[in-house]
Amino acid sequence: LEKLIAYEAVHEIAGWDDLRMRVSRGRRCFAFFHPVLPQEPIIFVQVALTDGIVSNIDELIGESAIRHNESDANTAIFYSISNCQTGLRGIAFGDMLIKQVADRISAELPFIKSFATLSPVPGFASWLDNHLTETSQMENISALREADWSDDSDEIKQWLMPLCARYLTSTDAEGRPLNSVARFHLRNGARLDRLCWRGNTSERGIEESYGLLVNYVYDLSNVTKNHENYVYEAVVTASNAVKQLSKKADI
């Protein structure tokens, strides 16, 4: 348990009380171990059982987290995946873990019908800052620097959300999505489903992605097809809503 606190890489665990909440009613934590390192997790994933897909991290962690009775839940939300052993990075443990967790939850809790993530978008803020600097859009840079992220500003939302959709659906010269988290989930067969405005307004959330988070959906009936389309055809599987949003990007 101490190692979970130490290795958590996405949403810091603020001590034992926070950890207890993350493994209590309506929560799960799954990890891979190896007999050679019996006290060392290799990778672990944190899961919340919810009523529908969640778009704000505050609903899942911290003092204000909402905890449903498990029997009222219909969705499993993967909200944090942490690699623990630096020397083993690059091995597809995350792919295997998510698939096994989905199978385990389906068997244990047959009322869970949907599997999704609430994922960060690391790199979006720096990508956008670089673009704005290169195109001399100093007024937009100033607007982002001075924005009050506790205020639900519709003007910034209408401008920023399409840009993030464009970033997430854009690929590099090798046909891979620019975003590392998108590459991970799309390779696993997920669908880029929805952008979450003000999903994480913590200091880290603003620094990484101006508060935006993403829901990737694992439709178990389509994950194999999505995986093959991504690997062999470089297809970014995204919902129509995300595709339409991307077309509105002012870039």
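Helices here are DSSP runs of H or I with at least four residues, numbered from the N terminus. With that in hand, Val-242 is easy to place: it belongs to helix H10, which covers residues 240–247. Keep in mind throughout that this is a predicted model.

Let's stay with Val-242 for a moment. Its relative accessibility is 2%, so it counts as buried. What does Val-242 touch, once residues up to four places away in sequence are set aside? The contacts are Ala-165, Thr-169, Leu-192, Asp-193, Arg-194 and Leu-195. There's a long-range relation to look at too: Val-242 and Pro-162 are separated by 80 residues in sequence, yet their C-alpha atoms sit 8.2 Å apart.

Leu-132, over in helix H4, can be read in a similar way. Its relative accessibility is 1%, so Leu-132 goes down as buried. Ignoring neighbours within four places in sequence, Leu-132 is in contact with Gln-137, Asn-140, Ile-141, Leu-144 and Trp-159. If you measure C-alpha to C-alpha from Leu-132 to Ile-251, you get 9.1 Å, with their positions 119 residues apart in sequence.

Now for a buried residue that isn't in a helix. Asn-179 is in the loop between H6 and helix H7 (180–187). Is Asn-179 buried or exposed? It is buried, because its relative accessible area is 0% and buried means under 20%. Beyond the residues within four places in sequence, Asn-179 has Val-121, Pro-122, Tyr-167, Leu-168 and Tyr-216 as contacts. Take Tyr-167 from that list: it is 12 residues from Asn-179 in sequence, and the C-alpha distance between the two is 7.6 Å.

Val-121 and Pro-122 turn up again when you look at Glu-208. This residue lies in helix H8, residues 203–209, and it is in contact with Pro-120, Val-121, Pro-122, Gly-123, Phe-124 and Ala-125, leaving aside neighbours within four places in sequence. Glu-208 is an acidic side chain by the charge count used here, and its relative accessible area of 18% makes it buried.

On to charge pairs. How many salt bridges does a search of the whole structure find? The answer is 10. One of the pairs is local: Asp-17 bridges to Arg-20, with the closest N and O atoms 2.8 Å apart. Both residues are in helix H2 (residues 16–22), and they are 3 residues apart, about one turn of the helix. Asp-17 is exposed, its relative accessible area being 62%.

Another salt bridge reaches across the chain. The side chains of Arg-28 and Glu-70 meet at 2.7 Å, N to O. This pair links distant parts of the chain, 42 residues apart: Arg-28 is in strand S1 (residues 27–32), while Glu-70 is in the loop between strand S2 (43–50) and strand S3 (75–83). Arg-28 has a relative accessibility of 15%, so it counts as buried.

Then there's Asp-129 with Arg-145, a salt bridge at 3.6 Å, N to O. Asp-129 is in helix H4 (residues 124–134) and Arg-145 is in helix H5 (residues 138–146), so the pair ties together parts 16 residues apart in sequence. The two ends have unlike surroundings: Asp-129 counts as buried at 18% relative accessibility, whereas Arg-145 counts as exposed at 53%. Going back to Arg-28, salt bridges with shared partners join Arg-28, Glu-70 and Glu-108 into one network.

Some charges gather without pairing. On the surface, Asp-148, Asp-151, Asp-152, Asp-154 and Glu-155 form a patch of negative charge. Among them, Asp-154 is found in helix H6, residues 154–169. Asp-154 counts as partly exposed because its relative accessibility is 47%.

Finally, a couple of backbone details. Which phi does Arg-198 have? The value is positive, about 55°, although Arg-198 is not a glycine. Arg-198 lies in the loop between strand S5 (191–196) and H8, and it is partly exposed with a relative accessible area of 23%. Ala-234 also isn't a glycine and has a positive phi, near 55°. You'll find Ala-234 in the loop between helix H9 (223–233) and H10, where it is partly exposed at a relative accessible area of 35%.

How values were computed:
Residues numbered from 1 in each chain as written. Predicted model: local features only at pLDDT ≥ 70, side-chain atom pairs only at ≥ 80, totals over all residues. Heavy atoms only, no water. Patch = residues over 30% accessible without salt bridge, like charges linked within 9 Å, V, L, I, M, F, W, Y side chains within 5 Å. Areas by Shrake-Rupley, 256 points an atom, 1.4 Å probe, with all protein chains shown as cover. Salt bridge = Lys/Arg side-chain N within 4 Å of Asp/Glu carboxyl O. Charge placed at Lys NZ, Arg CZ, Asp CG, Glu CD. Helix = DSSP H or I, 4+ residues; strand = E, 2+ residues; numbered from the N terminus. Buried < 20%, exposed > 50% of the residue type's maximum accessible area, 1.4 Å probe, protein only. Contact = heavy atoms within 4.5 Å.
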